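Subject: Handing over a structure, with notes on one helix and its surroundings

Dear colleague,

I am passing on the structure below, and after it you will find what I noted while going through one part of it. Please keep it open beside you as you read.

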Amino acid sequence: MIVAGIGCRKGATEHEVLAATHAALSTHCLASTRLSALATIQLKAQETGIIAAARTLAKPLLIANDDAIAAVDAKLLTRSEASLSAAGTPSVSEASALAIAGKNSRLLGPRHVEGDVTCAIAVSGDEP
């Protein structure tokens with residue numbers, strides 16, 4: 001399973017989310033066809049830009065619950081005090097990608113920042 005975790009400022013557009021997602025995938029030489037899902041946290045579940053991007057990519061948008069987000073804290077590569085204060089996690093994109101990819105998941109690298117959107121790619125423990 002390959003998951004793109006998405007974090008954003010309120011009101012981020014579909015175009016911005018897609019640009020960040022494609023840039024993050026490109027960094028790891030992955031085509032969007034390899035993507036299993038987009039992920040975010042409950043706080044961002046109603047962001048229209050994220051919802052629209054998932055629809056355009058024809059991928060499910062999965063929402064990580066608070067317990068799953070807390071469980072992956074030690075695996076995060078990025079620590080943003082602003083994110084911690086606003087969302088309760090030091091990196092929405094990294095935490096949501098890891099939480100949805102599963103127990104033995106890992107990040108392919110730190111989050112990618114594109115304007116008002118961050119995207120991190122996580123793979124499940126069984127991915128090469």
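Taking the crossing of two helices as the place to begin, α1 and α2 are oblique to each other, since their axes, which come within 8 Å, cross at roughly 60 degrees. Please bear in mind throughout that this is a predicted model. The crossing of α1 and α2 is right-handed, and the contact is made on the α1 side by Glu-14, Val-17, Leu-18, Thr-21 and His-22, and on the α2 side by Gly-49, Ile-50, Ala-52, Ala-53, Thr-56 and Leu-57. Sorted by character, the residues of this contact divide into six nonpolar, four polar and one charged.

Turning to α1 itself, this helix covers residues 14-27, which makes 14 residues, and it reaches 20 Å from its first C-alpha to its last, close to the 20 Å expected at 1.5 Å a residue. Its buried residues are Val-17, Leu-18, Ala-20, Thr-21, Ala-23, Ala-24 and Leu-25, and what covers them includes, besides α2 (48-57), the strands β1 (2-8), β5 (112-114) and β6 (117-123). Val-17, Leu-18 and Thr-21 thus appear among the buried residues of α1 and also among those that touch α2.

His-15, which is likewise found in helix α1, is by contrast exposed, with a relative accessible area of 64%. Although His-15 and Ile-50 are 35 residues apart in sequence, they are 9.4 Å apart in space, C-alpha to C-alpha.

Two residues in loops deserve a look at their backbone angles. Most residues other than glycine have a negative phi. Cys-29, however, which follows α1, has a positive phi of about 55 degrees although it is not a glycine. Cys-29 has its place in the loop between α1 and β2 (37-41), where it is exposed, with a relative accessible area of 72%.

The other residue is Ala-58, whose phi is near 55 degrees, again a positive value in a residue other than glycine. Ala-58 lies in the loop between α2 and β3 (61-64), and with a relative accessible area of 64% it is exposed.

With best regards

Methods: Residues numbered from 1 in each chain as written. Predicted model: local features only at pLDDT ≥ 70, side-chain atom pairs only at ≥ 80, totals over all residues. Heavy atoms only, no water. Helix = DSSP H or I, 4+ residues; strand = E, 2+ residues; numbered from the N terminus. Expected span 1.5 Å × (residues − 1). Buried < 20%, exposed > 50% of the residue type's maximum accessible area, 1.4 Å probe, protein only. Contact = heavy atoms within 4.5 Å. Axes fitted to C-alpha atoms, helices over the stretch in contact; angles between N-to-C directions. Parallel < 35°, antiparallel > 145°, perpendicular 65-115°, else oblique. Left-handed = near helix turned anticlockwise from the far one by under 90°. Nonpolar A, V, L, I, M, F, W, Y, C, P; charged D, E, K, R; others polar.
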